[in-house]
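I sat down with this model and a fresh notebook page. Here are my entries, in the order I went through things.

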Amino acid sequence: MLILTEKPSVAKDFASALGCSFSAGVYKNATTTITNCIGHLFELEEPAHYGTEIPIIPDRFDYRMNFSVEKQAKFVVKLLREHKTDSILIATDADREGEVIARECLAQAGITDFSRIRRFWVSEALTAEVVKNGIRNAKPLSEYDTLAEQGFARQRADWLTGMNFSRYITQAANRKLAVGRVQTAILSAIGERCDKIKNFKSEKYFEHYGVFQTQPTYGGSSSVCRGIYFENEETGFSDSSRDEKLKACVGAKAKLIDSKTEKKIQNPPQLYNLNALQKDAFKLFGYSADKTLKITQSLYEEWKCVSYPRTPSRVMGSGNVELCNRIADSFCSKNLFIKKVVRPQMDISLSNKRCFDDKKLEAHHALIPLKSLPENASEEQEYIYRLIFDRFLTAFLPPCEYEKQIFILNVNANKFRITGKKILKRGWKELNTDNNRRLEAETKSDGENESDEEQPLENIDWNALTLSEIDTKEKWTKPPAYFNEASILSFMENPKASNGVANRHMTVESESNPQKKLVGLGTAATRHTFIPKLTKYGYISLDKKSLVITPLGETLLKAVRSSSLKSLADIAATTEWEERLDENPEKFLSD
């Protein structure tokens with residue numbers, strides 16, 4: 001049997017598991033030969049291969065050796081030809097890109113009969129047991145034909161748009177400009193955001209807060225609460241004229257005219273996929289998406305303590321229940337707090353649909369820890385591992401249950417809304433790790449309504465409150481924030497989400513329909529590449545942590561938008577292409 005992996009390190013893992021020794025450029029034993037690619041050994045030919053007239057639309061796409069790995073490319077093709085009638089196991093990365101890498105090699109070796117070829121497909125770190133089980137459970141390569149069709153359609157569509165349209169726009173603008181099917185849409189989003197900020201006119205408005213308290217009890221204590229003044233549900237006003245009349249009410253008795261208590265739950269955050277991990281690593285540690293991927297890849301390949309990183313899924317499959325229980329139990333043996341407090345509350349069963357859902361499972365399950373991190377790991381590896389570890393424990397815990405409390409007070413025909421939150425069951429918030437605390441703080445936007453929902457209200461005598469103070473706040477509407485590495489990843493993941501200006505009239509958008517699969521820009525494995533690429537071309541720059549379009553980027557967008565190729569800068573059109581690619585790759589490429 002010949003085994004083809006994507007990287008030398010993976011070939012070494014297979015060799016270790018199967019007892020193969022290295023000789024003459026391959027790992028071998030009596031029955032098995034193991035070789036590896038080094039990423040893409042082959043790449044699409046340059047336009048000059050087909051001619052010079054544009055548009056260049058080949059009848060057949062030809063490939064050439066990637067010159068940087070030419071020696072390995074020739075070696076792999078030679079081995080594939082020698083084993084043409086033998087059993088072949090494809091063990092490139094278990095994703096769309098890995099599928100394309102393998103099929104490029106098979107095509108260059110002239111192998112078209114896949115009947116003796118099987119596909120190794122696992123998300124776990126490649127321990128000896130995992131490798132042997134994966135080989136036993138390998139499926140016919142033909143079962144992955146649709147994945148390959150999608151991969152080639154994406155690759156060739158990107159070539160057609162990049163190679164042709166870059167030349168067209170370069171001629172139109174009379175300067176060298178590179179465009180791409182996805183990268184230009186992302187640049188357009190960054191440019192639109194910068195335009196909104198540049199053209200934003202801040203408006204002044206006023207909010208009025210009332211402080212209420214009861215008469216001091218024997219011993220000197222009194223109950224205090226705070227609420228916001230409103231008229232017809234409006235809380236922000238263009239002038240401060242109400243300040244005087246409200247201050248005239250100080251000392252007046254408040255009357256409770258309405259109250260509502262609503263029981264709510266806050267589910268624990270879901271398990272990580274790559275994009276979610278990259279966003280949190282940027283928020284907490286300032287790591288770029290590319291840096292986070294490299295660190296996580298090292299945790300997967302070097303230490304084998306996390307699962308496959310390049311995953312788009314935030315759930316596990318129904319067949320992973322035993323795995324997750326085994327991992328949780330192993331952590332219990334090393335940590336008394338996990339054993340006594342956390343583990344008994346973890347719901348690791350098929351009834352937990354937030355964690356186990358085959359309908360939402362894509363090529364790989366969510367990113368989880370597999371074993372403890374070795375003591376000699378680097379500090380950066382420890383930071384990323386701890387995020388994955390904390391999230392694994394948190395995701396299986398019960399929801400936080402609380403009551404949202406709203407009380408309406410009337411003071412001389414002026415209404416104030418007092419809101420509070422009473423925690424009933426802390427649930428997942430019992431796991432009060434540094435990461436959980438800091439990430440929860442990150443989600444609270446600056447300048448949030450100051451009638452603090454966290455204020456305790458259960459011990460207040462609502463019939464004995466007096467208005468003791470009016471606090472008038474002068475505020476200004478704020479422009480949207482510049483994109484950063486975290487928010488641009490969110491945008492790529494769900495470009496259809498609301499992208500409005502944050503101001504006093506803005507309401508919080510609910511999450512997209514969880515039943516509908518999001519079709520984003522790029523893939524989990526490629527999204528980290530676009531910002532470095534746009535920076536390299538000089539289309540964007542980094543101002544502290546903000547992504548800012550450059551004059552050259554503006555020139556490109558102007559050239560694209562004034563040409564017949566304006567759909568390249570249309571985010572909606574690009575998203576539609578992604579949907580069509582998933583649904584029918586052959587028709588997508590033909591179109």
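**Sheet.** I started with the strands of this predicted model. I found an open sheet of 7 strands with mixed pairing, in the order E2-E3-E4-E1-E7-E8-E9. Its edges are strand E2 (21-23) and strand E9 (139-140), each of which pairs on one side only.

Next I looked at what packs on the sheet. Helix H3 (residues 96-108) does, and I noted that H3 touches E1, strand E7 (88-91) and strand E8 (117-119). The direction of H3 makes about 165° with that of E8.

I then went back to one pair of strands. Strand E1 (residues 2-5) and strand E4 (residues 33-36) run parallel, and 4 bridges join them. Which residue of E4 does Ile3 stand opposite? I looked it up, and the partner is Ile34.

**Cavities.** How many cavities of 30 Å³ or more does the whole structure hold? My search of the whole structure came back with 2.

The largest cavity has a volume of about 110 Å³. I wrote down its lining: Val10, Ala91, Thr92, Asp93, Ala94, Phe120, Trp121, Val122, Leu126, Tyr300, Tyr308 and His364. Sorted by class, that lining comes to 9 nonpolar, 2 polar and 1 charged residues.

The second largest cavity holds about 30 Å³ of space. Around it I listed Val10, Asp13, Leu126, Tyr300 and Glu301. By class, I noted 3 nonpolar, no polar and 2 charged residues in this lining. Helix H1 (8-18) and helix H9 (289-301) each supply at least two of its residues.

Comparing my two lists, I see that Val10, Leu126 and Tyr300 line both the largest cavity and the second largest one.

**A helix pair.** I also checked how helix H5 (residues 145-173) meets helix H17 (residues 571-583). The two pack at an angle of about 145°, with their axes 9 Å apart. On the H5 side the contact is made by Gln150, Ala153 and Arg154, and on the H17 side by Glu578, Leu581 and Asp582. What classes of residue make this contact? I noted 2 nonpolar, 1 polar and 3 charged.

**Confidence.** Last, I looked at how far the predictor trusts its own model. The mean pLDDT of the protein is 92, and 94% of its residues reach 70 or more. One stretch I flagged in the margin is residues 498-516, where pLDDT stays under 50. For that stretch the model has 21 contacts beyond four places in sequence.

Conventions: Residues numbered from 1 in each chain as written. Predicted model: local features only at pLDDT ≥ 70, side-chain atom pairs only at ≥ 80, totals over all residues. Heavy atoms only, no water. Pairing = 2+ DSSP bridges. Contact = heavy atoms within 4.5 Å. Axes fitted to C-alpha atoms, helices over the stretch in contact; angles between N-to-C directions. pLDDT = per-residue confidence, 0-100. 1 Å grid on protein atoms, 1.4 Å probe; cavity = no way out; pocket = protein on both sides within 12 Å on 5 of 7 lines; lining within 4 Å. Points joined across faces, edges and corners; volume = space filled by probe spheres on them. Nonpolar A, V, L, I, M, F, W, Y, C, P; charged D, E, K, R; others polar.
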